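Hi,

Here is the model I promised to pass on. Have a look at it first, and my notes follow underneath.

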Amino acid sequence: MWENIKLVICTFGSALGIAAVYQVRREYLLYAGLGGALARIVYLLLKACTAESFIYNFFAAMTAGLFAEFMAVRTKNPSMSISRSN
């Protein structure tokens, strides 16, 4: 139990770190951390229910993607920005 809680907290911090590397604006850092933690929670819950690694990896990734799309709409930001260097 405590191991899983530590994993979720570490995943939250890791997502914050990755968002900071990609220079995400400060007001959106919390959303990045929550998205990472939510994906980890789904991963851990499904891992406890099934032994098939494809299942829990797929649904954790799908959760992260859907959360990102939902937050892009909610914060009125593009879900994906393409930059081109000249």
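Let's start with the aromatic rings: this is a predicted model, and the count of aromatic pairs in it comes to 4. Take Phe54 and Phe58 to begin with: their ring centres are 5.7 Å apart and the planes sit at 20 degrees, so this pair is stacked. The planes have to be under 30 degrees apart for that label. Along the sequence, Phe54 and Phe58 are 4 residues apart in helix H3, which puts about one helical turn between them. Phe58 also pairs with Phe59, and here the picture changes: the centres are 5.2 Å apart but the planes are at 80 degrees, so the pair is edge-to-face. Together, ring pairs link Phe54, Phe58 and Phe59 into a cluster.

How buried or exposed is each ring residue in that cluster? Phe54 has 56% relative accessibility and so counts as exposed. Phe58, at 40%, is partly exposed, and Phe59 is partly exposed too, at 33%.

While we're in H3, look at Thr63. This residue belongs to the same helix, which covers residues 53–74. With a relative accessibility of 19%, Thr63 counts as buried, because the cut-off for buried is under 20%. If you leave out residues up to four places away in sequence, Thr63 touches Leu38, Ala39 and Val42.

Next, the charged pairs. There are 2 salt bridges by the usual count.

- Lys6 pairs with Glu3, with the closest N and O atoms 3.7 Å apart. Both are in helix H1, 3 residues apart, or about one turn of the helix. Lys6 is exposed at 51% relative accessibility, while Glu3 is partly exposed at 49%. The two values fall on either side of the 50% cut-off, so the labels differ.
- Arg25 pairs with Glu27, the closest N and O atoms being 3.6 Å apart. Arg25 is partly exposed, at 46% relative accessibility, and Glu27 is also partly exposed, at 48%.

Now for H1 itself. The helix takes in residues 2–21, so 20 residues, and its first and last C-alpha atoms are 29 Å apart, close to the 28 Å expected at 1.5 Å a residue. Which of its residues are buried? They are Val8, Thr11, Ala15 and Ala19. Viewed down the helix axis, the buried residues of H1 fall within an arc of 65 degrees, so they line one face of the helix. Part of what covers them is helix H2, residues 29–49. On the face turned away from that buried side you'll find the exposed residues Trp2, Lys6, Ile9, Cys10 and Val21. That places Lys6, the salt-bridge partner of Glu3, on the face turned away from the buried side.

Leu7 is another H1 residue to click on. At 28% relative accessibility it counts as partly exposed. Leaving out residues up to four places away in sequence, Leu7 touches Arg40 and Leu44. If you'd like a distance to check in your viewer, the C-alpha atoms of Leu7 and Ser53 are separated by 18 Å, with their positions 46 residues apart along the chain.

Just past the end of the helix, have a look at the backbone too: H1 is followed by Gln23, which has a positive phi, near 55 degrees.

Finally, the whole chain. How many helices and strands does it have? There are 3 helices and 0 strands, and from the N terminus on the order of elements is α-α-α. The C-alpha atoms fill a box of roughly 45 × 25 × 25 Å along the principal axes. Of the 86 residues in the chain, 21% are buried. Among contacts with a separation of 6 or more, 47% come from residues 24 or more positions apart. The accessible surface of the chain is about 6800 Å², and carbon and sulfur atoms account for 65% of that.

Cheers

Methods. Residues numbered from 1 in each chain as written. Predicted model: local features only at pLDDT ≥ 70, side-chain atom pairs only at ≥ 80, totals over all residues. Heavy atoms only, no water. Helix = DSSP H or I, 4+ residues; strand = E, 2+ residues; numbered from the N terminus. Expected span 1.5 Å × (residues − 1). Buried < 20%, exposed > 50% of the residue type's maximum accessible area, 1.4 Å probe, protein only. Arc of directions from axis to C-beta. Contact = heavy atoms within 4.5 Å. Phe/Tyr/Trp six-rings, centres within 6.5 Å; stacked < 30°, edge-to-face > 60°. Salt bridge = Lys/Arg side-chain N within 4 Å of Asp/Glu carboxyl O. Areas by Shrake-Rupley, 256 points an atom, 1.4 Å probe, with all protein chains shown as cover.
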